[in-house]
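Please open the model in a viewer and keep the sequence panel visible. The stops below give a selection and then describe what is found there.

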Amino acid sequence: MTKSKREENGFLGKHSEVMGDVWAALFGDVEQFLHILPEELKNGKIISQGTIKNRKGYILADSRSSLPLLHLIREMNSKKNVYVSSAPLLPGIERNVKLTDIHTWKNGGEGEFAGSIKKVPYHLYFYDPFFLTDKEKYVKNEEYKISLAALAYNIKLFKDYTFNVSKGPFYEMQLENFLKENPSKTKEDFESPVVRVSGEVFRMFFPSEIVSSFNGVGEVEDIFSCHLFDIPVYVLKVNFGHKGNDEFLVNLYVSSKICKGYIPKKGDVIETVCWLTGYFSGLK
């Protein structure tokens with residue numbers, strides 16, 4: 001029997017291994033990120049170090065923004081360093097996650113983990129901004145405390161909608177019940193049943209075809225804010241599950257650059273395509 005892709009490596013989907021969509025979601029376009037990058041690298045301080053392809057690797061961070069960016073550098077020799085990549089650091093909500101697989105990107109310094117949370121019916125894949133050092137802590141099927149957060153690629157208010165059922169088994173059953181209950185009526189008196197779809201029953205956090213990217217519908221339970229330089233960023237505490245056994249809370253970061261006039265409010269049910277991130281905060 002041929003194993004599914006998830007059975008083989010713990011992941012379902014393709015690894016994009018690029019960050020263009022992330023910077024477009026935060027800054028509005030990639031050019032704005034490239035504009036601030038030289039100054040970030042110039043002022044950044046080393047906050048962590050590890051190994052990238054048998055050479056020293058460093059994570060740099062600057063403190064000018066309340067939403068910090070992390071920059072990955074690989075040392076080639078004592079006089080030369082090479083820029084590898086950057087990622088936003090998104091503080092999240094700690095959950096106990098059983099990690100089931102690891103994927104290292106081709107650049108050797110970035111990567112993703114696969115895992116699951118008890119009583120949460122979603123298999124998770126997330127990008128780790130501290131992968132350089134967290135990869136050394138990973139043991140398959142071990143449970144860790146992971147700080148989970150997501151970045152919205154897009155967002156909109158989920159609007160309840162209704163539709164008429166004018167044929168099919170459900171229509172026929174409703175028509176039959178109507179005629180039984182109203183013997184003096186005819187088929188012409190019957191009004192097609194109306195079905196209402198609400199965000200309350202449509203909660204989800206479903207993986208897209210790209211690893212670490214999810215389609216989500218959830219309720220905003222709280223709102224905070226921060227800034228990426230001069231760009232306002234909403235931090236939404238979103239429950240993509242339901243209160244109780246399958247509750248799944250995630251900090252969702254939403255740059256004002258992608259809101260298109262929408263201002264999130266507490267109690268809103270939102271739709272989003274988002275990028276899930278997480279980093280180790282300790283053993284269970």
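Select cysteine 259 and display its sulfur: the closest cysteine sulfur, in cysteine 226, is 12 Å away, which is too far for a bond. A disulfide is here a pair of cysteine sulfur atoms within 2.5 Å, and the structure holds zero of them. Add cysteine 274, which is likewise in no disulfide, its nearest cysteine sulfur being that of cysteine 259 at 14 Å. Cysteine 259 is buried, with a relative accessible area of 5%, and cysteine 274 counts as buried at 0%. Buried denotes under 20% relative accessible area, exposed over 50%, and partly exposed the range in between (1.4 Å probe, protein chains only).

The model is predicted, so that local features need pLDDT of at least 70 and side-chain atom pairs count only at pLDDT 80 or more, while totals for chains, interfaces and linings use all residues. Residues are numbered from 1 along each chain as its sequence is written, and side-chain values use heavy atoms, with hydrogens and water left out.

Next, select residues 45-88 to bring up the open sheet, in which four strands follow the order E1-E2-E3-E4 with antiparallel pairing. Helices (H or I, at least four residues) and strands (E, at least two) are DSSP runs numbered from the N terminus, and two strands pair if DSSP finds at least two bridges between them. Strand E1 (45-52) and strand E4 (80-88) stand at the edges with a single partner strand each, so one side of each has no neighbour in the sheet. On average, neighbouring strands are turned by 25° against each other, direction ignored. Axes are lines fitted to C-alpha atoms, for helices over the stretch in contact, and angles run from 0 to 180 degrees between N-to-C directions.

Within this sheet, highlight strand E3 (residues 69-77), which is joined to E4 by eight bridges in the antiparallel sense. Leucine 70 has alanine 87 of E4 as its bridge partner. Now add helix H3 (residues 30-43), which packs on the sheet and touches E1, strand E2 (55-61), E3 and E4; its direction makes about 65° with that of E3. Contact means heavy atoms within 4.5 Å.

Helix H2 also lies across E3 and E4, running at about 60° to E4. Select residues 20-27 for this helix; its buried residues are Val22, Trp23, Ala25, Leu26 and Phe27. Glycine 28 follows H2 and has a positive phi, near 95°.

Which element gives the most to the lining of the largest pocket? H2 does, with three residues. In total 13 residues line this pocket, and Ser16, Val18, Asp21, Tyr153 and Ile210 lie nearest its centre. The pocket has a volume of about 170 Å³.

Move on to strand E6 (residues 111-116), which pairs with E7 in the antiparallel sense over five bridges. Phenylalanine 113 stands opposite phenylalanine 126 in E7. The two strands form a hairpin with six residues between them, and lysine 119 in the turn has a positive phi of about 70°. Four of the five residues of strand E7 (residues 123-127) are buried, so this strand is largely enclosed by the rest of the structure.

Finally, select aspartate 189, in the loop between helix H5 (169-181) and strand E10 (194-197). Aspartate 189 is partly exposed, with a relative accessible area of 39%. Its C-alpha atom is separated by 55 Å from that of arginine 95, 94 residues apart along the chain.

Notes:
1 Å grid on protein atoms, 1.4 Å probe; cavity = no way out; pocket = protein on both sides within 12 Å on 5 of 7 lines; lining within 4 Å. Points joined across faces, edges and corners; volume = space filled by probe spheres on them.
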